[in-house]
Amino acid sequence: MIRAFVFLFLAHLALVIAALADCLGGEHQPRKLTRGWWVVIILLVPVAGGILWFSIGRARPPRPQPGTGRTGNTGGPRNPKGPVAPDDDPDFLRDIDRRLRDENKED
């Protein structure tokens, strides 16, 4: 029975620490109330304070712009100006193919 109470206490402590860290370390302003009020609620209302923070008070991250999802279109430049990986460079691949043909002819 004592193990159950210790587990519940540690779970509550982890929830409070996670909620406080998220509340105080967030980049965006919380919804509904200020950070100070959320800290008071998290500390003074056991268990429910942390649950309220994660369900109501936490700022939602901004939504991605259309066309920047995981469909392969990242919205970046189509022809990067920086170095290209060798297996993406058609000139490199053509040169390797030519070298392999020349080596095969010599054998």
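**Exercise 1. Aromatic rings**

How many aromatic pairs does the count come to? Find the partners and describe their geometry.

*Solution.* This is a predicted model, so keep in mind that you are reading computed features. Start with the total: the count comes to one aromatic pair. The partners are tryptophan 38 and tryptophan 53, with ring centres 5.6 Å apart and planes at 70 degrees to each other. Planes over 60 degrees apart count as edge-to-face, and that is the class of this pair.

Next, place the two rings on the chain. Tryptophan 38 belongs to helix α2 and tryptophan 53 to helix α3 (residues 48–57). With their positions 15 residues apart, the pair links distant parts of the chain.

Last, look at solvent. The cut-off for buried is under 20% relative accessible area. Tryptophan 38, at 3%, counts as buried, and tryptophan 53 is buried at 2%.

**Exercise 2. The nonpolar core**

Which residues make up the largest nonpolar core? Work out where they come from.

*Solution.* List the members to begin with: Val16, Ala19, Leu20, Cys23, Trp38, Val39, Ile42 and Trp53, eight residues in total. Now sort them by helix. Both α1 (2–25) and α2 supply at least two residues each. The largest share is from α1, with four residues.

Now zoom in on one member. Setting aside neighbours within four places in sequence, valine 16 is in contact with Ile42 and Leu43. Of these two, Ile42 is listed in the core. Both rings of the aromatic pair, Trp38 and Trp53, are in the core list as well.

**Exercise 3. A buried arginine**

What surrounds arginine 35, and which side chain of opposite charge is nearest?

*Solution.* First, locate the residue: arginine 35 is in helix α2 (residues 35–44). Then collect the contacts. Leaving out residues up to four places away in sequence, arginine 35 touches Cys23, Leu24, Gly26, Glu27, His28, Gln29 and Pro30. Another residue to place is glycine 57, which is 22 residues away in sequence, with a C-alpha to C-alpha distance of 9.0 Å from arginine 35.

Then test for a charge partner. Arginine 35 is buried but has no salt bridge. The nearest side chain of opposite charge is that of aspartate 22, at 7.8 Å. A salt bridge needs the side-chain nitrogen within 4 Å of a carboxyl oxygen.

What does the side chain of arginine 35 reach at 2.4 Å? The target is the backbone oxygen of cysteine 23, a residue that is also listed in the nonpolar core.

**Exercise 4. Salt bridges**

How many salt bridges does a search of the whole structure find? Examine some of them.

*Solution.* The search finds six. Among them is the bridge from aspartate 22 to arginine 58, where the closest N and O atoms are 2.9 Å apart. Aspartate 22 sits in helix α1 and arginine 58 in the loop between α3 and α4 (90–106), so this bridge ties together parts that are 36 residues apart in sequence. Check exposure next: aspartate 22 counts as partly exposed at 21%, and arginine 58 is partly exposed at 39%.

Move on to helix α4. Arginine 99 and aspartate 95 meet in a salt bridge at 3.2 Å, N to O. These two residues are four apart within the helix, about one turn. Aspartate 102 and arginine 98 meet in another bridge, at 3.7 Å, and they too are four residues apart in α4, about one turn. Salt bridges that share partners join Asp95, Arg98, Arg99 and Asp102 into one network.

For exposure in this network, aspartate 95 is partly exposed at 21%. Aspartate 102 has 34% and is partly exposed, and arginine 98 counts as partly exposed at 46%.

**Exercise 5. Positive phi in the loops**

Where is lysine 32 found, and where is valine 47 found? Describe their backbone angles and exposure.

*Solution.* Recall the background: most residues other than glycine have a negative phi. Lysine 32 has a positive phi, near 75 degrees, and is found in the loop between α1 and α2. Valine 47 has a positive phi, near 60 degrees, and is found in the loop between α2 and α3.

Finish with accessibility. Lysine 32 is exposed, with a relative accessible area of 69%, whereas valine 47 is partly exposed at 40%.

Key
Residues numbered from 1 in each chain as written. Predicted model: local features only at pLDDT ≥ 70, side-chain atom pairs only at ≥ 80, totals over all residues. Heavy atoms only, no water. Contact = heavy atoms within 4.5 Å. Polar contact = N/O pair within 3.5 Å; in protein donor to acceptor, adjacent residues only side chain to side chain. Phe/Tyr/Trp six-rings, centres within 6.5 Å; stacked < 30°, edge-to-face > 60°. Buried < 20%, exposed > 50% of the residue type's maximum accessible area, 1.4 Å probe, protein only. Core = buried A, V, L, I, M, F, W, Y, C linked by side-chain atoms within 4.5 Å. Lys, Arg positive; Asp, Glu negative; His and termini not counted.
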